[in-house]
Amino acid sequence: MNGFSGWDWAVFVLSLCASLGTGIWAAFVSKRNQKQGDAKGTASEFLMGGRNLNPIAVALSTMIGAVSSNTVLGNPSETYAYGTQYWLNLIGMTLGMVYVHFVILKVLYPLKITSVYTYIEKRFKSAALRSFTVFTTLIGTFFFMGLCAYCPSLAMETVTGFPTWASCLILGVICTIYSSLGGVRSVVYTDILQTIVLFAGVLFIMIHSWVDAGGLGAIWATAEEHGRVEWWNFNPDPLQRHSFWLVNIQGYFSALLVFGMGQPQVQRVCSVSTWKKAIGAFYLNYSVLFCVYLCLYFTGLAVFAVYADCDPMATGDIAKPDQLLPFYVDDKLSYLHGISGLFVAALFAAALSSYSSQINAVSAVMWEGFFKNSEWVAKMDENRKPLVNIGVSVVTGMAGVVASIIASQLGGIFQVGQTILGAIHAPLLGLFILGMCCPFANKIGGSVGFTVSIVFNFWVTIGTMIYGKGTPYLGFDDDGCDYPTTDFVNLTSTTTEAWSSTTEVPEDDYTFPLYLMSYTLYSLWGTSITFFVGSVVSLLTKPWSADVSGKEYIHPAFYKLMKRWEKKHPPKNAFSSEVYLVPVSTEKL
């Protein structure tokens with residue numbers, strides 16, 4: 001490794017200082033906007049930016065919050081190791097974003113919620129169910145934060161030898177400082193700077209690799225020659241890793257998981273003053289995200305073409321595809337002073353954004369769900385109440401550092417993130433869809449459906465960790481090398497590379513089919529089980545009427561259908577007209 005030059009260190013450190021400085025500046029703006037002596041105003045400014053944030057700033061913040069360092073390293077390595085089939089998930093993502101707009105945000109935005117889990121409590125009239133969903137998803141949140149910090153730290157260690165744990169600590173401390181001082185305003189305006197850094201790093205590497213490989217035509221010809229181009233695999237087999245159907249299912253549910261019920265993203269959209277501006281920011285966010293994804297996919301293909309005849313996986317220069325971009329930058333770009341620093345700064349920019357977004361999201365969830373109406377906070381002096389959100393932010397930031405150390409012991413960055421999202425968050429997505437699209441769903445149905453889905457997903461995930469078989473990478477060549485190589489051609493990866501051994505299992509060993517199921521289906525199963533079980537159990541346990549469920553918590557189209565049904569089948573005959581202790585409130589949440 002060539003390491004960092006003085007210019008590289010200067011670019012990298014300047015980027016971190018600029019992020020910290022921007023966050024602190026935004027914190028001062030936030031403090032100035034807070035209403036003195038008004039706890040509600042203080043909390044609204046800290047968590048929602050007074051619900052008057054700039055739509056363009058929100059769009060960029062939402063985008064880079066979704067593009068973590070996992071994505072920057074993982075998506076190119078996916079194309080490098082497995083080819084172009086995964087690119088088609090952008091079709092599914094587009095359809096998913098349309099669903100989020102017309103179904104999920106159509107319900108959530110008018111409620112002006114701060115925490116998405118508030119919807120669960122109000123719709124199903126159960127604080128216990130809300131607490132259960134918060135607890136389960138916070139587990140996934142801390143794993144995700146750990147991966148966000150680990151990915152750029154891995155690249156830093158690859159390029160410079162700087163210890164991973166030290167990088168994780170620096171990143172975590174910087175995020176914690178500006179997130180705890182300025183809340184969502186600091187996060188959003190720091191994200192603008194980080195978006196610029198991210199684009200600069202990704203575009204430079206993409207353009208350089210294109211030129212290095214001989215242009216787009218040469219890249220495509222090389223990819224086809226080495227079996228990297230695959231589009232129309234319509235095989236319906238759910239046990240294969242990728243196909244046209246599988247990647248589109250993954251893309252569709254990825255959009256719903258991140259933008260439909262993801263606390264950071266929904267929180268951003270709801271912080272915009274009007275519905276029209278919010279939806280404009282929503283689609284601007286996706287347009288930029290779409291371009292970023294395409295750039296990352298093409299970069300993976302271009303770098304593969306550069307090394308097609310003397311591949312670093314075949315020579316043993318890298319041990320896993322996730323190390324491809326750091327290796328390329330160090331190998332081909334280190335002669336350009338400052339570029340290695342820019343690449344690592346781009347990774348850290350993506351990580352800082354995702355990490356700080358999660359800090360602010362956890363603070364919002366904890367404040368709305370546990371502190372705002374607690375007796376403990378009620379007894380506090382007004383000027384001390386803001387310290388609660390600051391304290392939660394600090395604790396969350398430090399917990400993420402611990403999680404990043406754990407993540408450093410794992411691998412398979414790309415699939416780890418997808419697995420966690422599918423296994424833990426998909427059941428919650430099913431609960432949201434059940435509440436919005438199934439007016440008769442009751443508390444029992446929602447609780448049972450969510451629990452069954454969580455159990456099923458963890459059963460399949462853990463079973464796959466233990467019994468899952470390896471999925472071989474596409475071939476890597478070293479025929480063009482002019483020096484001795486190490487044979488890594490037969491390296492394999494498993495469907496859960498983070499936890500499973502790569503030791504191949506004899507072909508005649510029987511493995512339960514669900515343990516061989518493509519990871520792209522975890523979200524589908526998790527969401528579907530919650531919805532199906534929740535609907536059936538609700539029908540068997542005194543289903544609620546539309547008015548008991550609450551008009552404002554149900555999508556308008558399904559509410560109208562339910563009312564038509566009730567007109568023909570009065571609630572006293574078919575639906576429970578029970579009066580609940582927790583009334584349906586029409587006031588702003």
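Q: How do helix α7 and helix α15 pack, angle-wise and distance-wise?
A: In this predicted model, α7 (residues 127-160) and α15 (residues 339-371) pack at an angle of about 165 degrees, and their axes are 10 Å apart.

Q: Okay, parallel or antiparallel then?
A: Roughly antiparallel, because angles over 145 degrees count that way.

Q: And which hand does the crossing of α7 and α15 have?
A: That crossing is left-handed.

Q: What kinds of residues make up the contact of α7 with α15?
A: You'll find 21 nonpolar residues there, along with seven polar and one charged.

Q: What about α7 and α19, how do their axes cross?
A: The axes of α7 and helix α19 (residues 443-467) cross at roughly 20 degrees and come within 11 Å. Since angles under 35 degrees count as roughly parallel, that's the label for α7 and α19.

Q: Left-handed or right-handed, when α7 passes α19?
A: Left-handed.

Q: Switching topic: what span should helix α5 have, going by its residues?
A: Helix α5 covers residues 89-111, so that's 23 residues, and at 1.5 Å a residue they should span 33 Å. The end C-alpha atoms of α5 sit 31 Å apart, which agrees.

Q: Where does α5 bend?
A: At L105, by about 55 degrees.

Q: And what comes after α5?
A: K112 follows α5, and the phi of K112 is positive, near 55 degrees.

Q: New one: how many aromatic pairs does the structure hold?
A: There are 37 aromatic pairs. One of them is W9 with F12.

Q: Are the rings of W9 and F12 stacked or edge-to-face?
A: Edge-to-face: the planes have 70 degrees between them, and the rings are 6.3 Å centre to centre.

Q: Where do W9 and F12 lie?
A: Both are in helix α1 (residues 6-33). W9 and F12 are three residues apart, which is about one turn of the helix.

Note on methods. Residues numbered from 1 in each chain as written. Predicted model: local features only at pLDDT ≥ 70, side-chain atom pairs only at ≥ 80, totals over all residues. Heavy atoms only, no water. Helix = DSSP H or I, 4+ residues; strand = E, 2+ residues; numbered from the N terminus. Expected span 1.5 Å × (residues − 1). Bend = angle between axes of the 7 residues up to and from the residue. Axes fitted to C-alpha atoms, helices over the stretch in contact; angles between N-to-C directions. Parallel < 35°, antiparallel > 145°, perpendicular 65-115°, else oblique. Left-handed = near helix turned anticlockwise from the far one by under 90°. Nonpolar A, V, L, I, M, F, W, Y, C, P; charged D, E, K, R; others polar. Phe/Tyr/Trp six-rings, centres within 6.5 Å; stacked < 30°, edge-to-face > 60°.
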